[in-house]
Amino acid sequence: MATPAAPAVDASAYGLTGALQQGGAPTWTVLIILVLMSAASWYVIFTKLWEQQRVLSQGRQIGAQFWNAISLKDAAKKLEENTAYRQIVEDGLEAEDQYGKIPNAIDQHEWLNDSLERSVGSINSRLGSGLAILATVGATSPFVGLFGTVNGIYGALVQIGASGQASIGKVAGPVGEALIMTSIGLAVAVPAVLGYNWLNRRNRTIAERIGSFAIDVHAYLVSGGAVRPTFKAISSQKPAPTKH
């Protein structure tokens, strides 16, 4: 005798739509929260990446042409306004002017050094703003998704208990739908964590370059322009082959 065919399973009944219908208002709330968290994390990633790239591109403009200017004020005019490197130069020049207005109770070297350190610290603080959002999203979104899963499983078990049918078909569908919320939470968390680590590493690179530039500005101001970075010209000629 032929074995009777198993009833066809409507796969379209399962998925995110089924999970939302199964979980009700709490699951919808969890989904909206995860969408907002994902949008916030991607916004921070793109905006901070653009900001970092702007600072890095300006740092590549600092070269012999900048340091060979007549004065530091003239050199600062070659930089864009409201940028990190120009802020350091302007803060250094302002500190130099202020030093002449106070009694000589503090050494000029110490005064300029503290002023430039504050300037560098404010720039690094501004570059690091927003990264806390990525850290928060990466740490909490899996648990938000897990809450949606727990709520969905609870609702599914209540319905199964009320119907009195506990077959695998009745359990697997609703439980699988509930697990979708956990997967969405992980999908939100992974880009946030990767973006946080990547942007944080780029910030450390920028901080090192800005710190080195601040040291050069400090040496220039203290020495009255006598000390400045030197740039060696790269020769385009190939070395002559050695004879054996």
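Here are some notes on the cores, one helix pair and one arginine in this model.

1. Ground rules: this is a predicted model, where local features need pLDDT of at least 70, side-chain atom pairs count only at pLDDT 80 or more, and totals for chains, interfaces and linings use all residues. Numbering runs from 1 along each chain as its sequence is written, and side-chain values use heavy atoms, with hydrogens and water left out.

2. The largest nonpolar core (buried Ala, Val, Leu, Ile, Met, Phe, Trp, Tyr and Cys joined through side-chain atoms within 4.5 Å; buried is under 20% relative accessible area, 1.4 Å probe, protein chains only) has 30 residues, and Phe66, Leu72, Ile88, Ile210, Phe213 and Val217 touch the most other members. Another core, of 8 residues, lies apart from it and includes Val30 and Met37.

3. Beyond its neighbours within four places in sequence, Phe66 is in contact (heavy atoms within 4.5 Å) with Leu72, Ala75, Ala76, Leu79, Val89 and Phe213.

4. On to helices H5 and H6 (DSSP runs of H or I, at least four residues, numbered from the N terminus). H5 passes H6 in a right-handed crossing (the near helix is turned clockwise from the far one by less than a right angle). Among the residues that meet are Ile88 and Tyr99 in H5, and Trp111 and Arg126 in H6.

5. Worth a look: Arg86, which sits in helix H5. Is arginine 86 buried or exposed? Arginine 86 is buried, at a relative accessible area of 14%. Leaving out residues up to four places away in sequence, Arg86 touches Gln58, Ala76, Lys77, Leu79, Glu80 and Glu81.

Note on methods. Buried means under 20% relative accessible area, exposed over 50%, partly exposed in between (1.4 Å probe, protein chains only). Helices (H or I, at least four residues) and strands (E, at least two) are DSSP runs, numbered from the N terminus.
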